[in-house]
Every structure is written in structure tokens, then in C-alpha cells.
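This report introduces a structure to a reader who has not met it before. Please look over the sequence and the model before reading on.

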Amino acid sequence: LTRSEVTITKFVAEGLTTREIADTLSIAERTVDKHRSNIIRKLSLDKRPNALLIWAQKNKELIG
């Protein structure tokens, strides 16, 4: 994952919404959504709505 993707994954693990992540990083919500999509693809996760959240919370030690 890229640095940006790791950062977004950390925020996802904390339970932040797309809007909250976008506001925190001063980026567009669409940018956050694109990063989420890339992360899901790179990690070969299901495209279910909470798949990334579940993965991120279970693997916090991997993402710092």
C-alpha cells in the first residue's frame, strides 16, 4: 500500500467515516473513496461495505 493508503486504512480502523477522513486530511471525499477502492483491490477483500473496516480493525498491528 502507498503511504496515503496506509494513512486512510489507519483512519478506517479507528472507525472514521469517509467524510471525517476527507476533512481530517483536507482532501475530497471522492479521493478517499478511490483510496478505499484501491486498498480493497490490493488486499483482495470482498466488496462488502464493511470488509475494509473489519480487515483494518483485525490487522491494526500491520498498519501501525
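Which residues does Leu 45 touch, not counting residues up to four places away in sequence? Leu 45 touches Ile 40, Ala 51, Leu 52 and Trp 55. The model examined here is a predicted one.

**The nonpolar core**

Leu 45 also appears in the largest nonpolar core, which has 14 residues. Leu 45 is among the residues with the most contacts inside this core, together with Ile 8, Val 12, Ile 21, Val 32, Leu 52 and Ala 56. At least two residues of the core come from each of H1, H2, helix H3 (29–42) and helix H4 (51–58). H1 gives the most, with four residues. As general background, nonpolar side chains tend to be buried together in soluble globular proteins.

**Packing of helix H1**

Two packed helices are described by the angle between their axes and the distance between the axes. The table gives these values for two pairs that involve H1.

| Helix pair | Angle between axes | Distance between axes |
|---|---|---|
| H1 (residues 3–13) and H2 (residues 18–25) | about 130° | 10 Å |
| H1 and H4 | about 90° | 8 Å |

With an angle of about 130°, H1 is oblique to H2. The crossing of these two helices is right-handed. On the H1 side, the contact is made by Thr 7, Ile 8, Phe 11 and Val 12, and on the H2 side by Ile 21, Thr 24 and Leu 25. By class, this contact of H1 with H2 has five nonpolar, two polar and no charged residues.

H1 and H4, in turn, pack at about 90° and are therefore roughly perpendicular to each other. Here Thr 9, Val 12 and Ala 13 of H1 meet Leu 52, Leu 53, Trp 55, Ala 56 and Gln 57 of H4. The contact of H1 with H4 has six nonpolar, two polar and no charged residues.

**Two buried residues, Thr 9 and Asn 59**

Is Thr 9, which is found in helix H1, buried or exposed? Thr 9 counts as buried because its relative accessibility is 0%, under the 20% cut-off. Leaving aside neighbours within four places in sequence, Thr 9 is in contact with Leu 1, Ile 39, Trp 55, Ala 56 and Ile 63.

Asn 59 is found in the loop between H4 and helix H5 (60–63). At 16% relative accessibility, Asn 59 also counts as buried. Asn 59 and Thr 9 are 50 residues apart in sequence, while their C-alpha atoms are 10.0 Å apart in space.

Methods: Residues are numbered from 1 along each chain as its sequence is written. This is a predicted model: local features need pLDDT of at least 70, side-chain atom pairs count only at pLDDT 80 or more; totals for chains, interfaces and linings use all residues. Side-chain values use heavy atoms; hydrogens and water are left out. Axes are lines fitted to C-alpha atoms, for helices over the stretch in contact, and angles run from 0 to 180 degrees between N-to-C directions. Angles under 35 degrees count as roughly parallel, over 145 as roughly antiparallel, 65 to 115 as roughly perpendicular and the rest as oblique. A crossing is left-handed if the near helix is turned anticlockwise from the far one by less than a right angle, and right-handed if clockwise. Contact means heavy atoms within 4.5 Å. Ala, Val, Leu, Ile, Met, Phe, Trp, Tyr, Cys and Pro count as nonpolar, Asp, Glu, Lys and Arg as charged, and the others, Gly among them, as polar. A nonpolar core is a set of buried Ala, Val, Leu, Ile, Met, Phe, Trp, Tyr and Cys residues joined through side-chain atoms within 4.5 Å. Buried means under 20% relative accessible area, exposed over 50%, partly exposed in between (1.4 Å probe, protein chains only).
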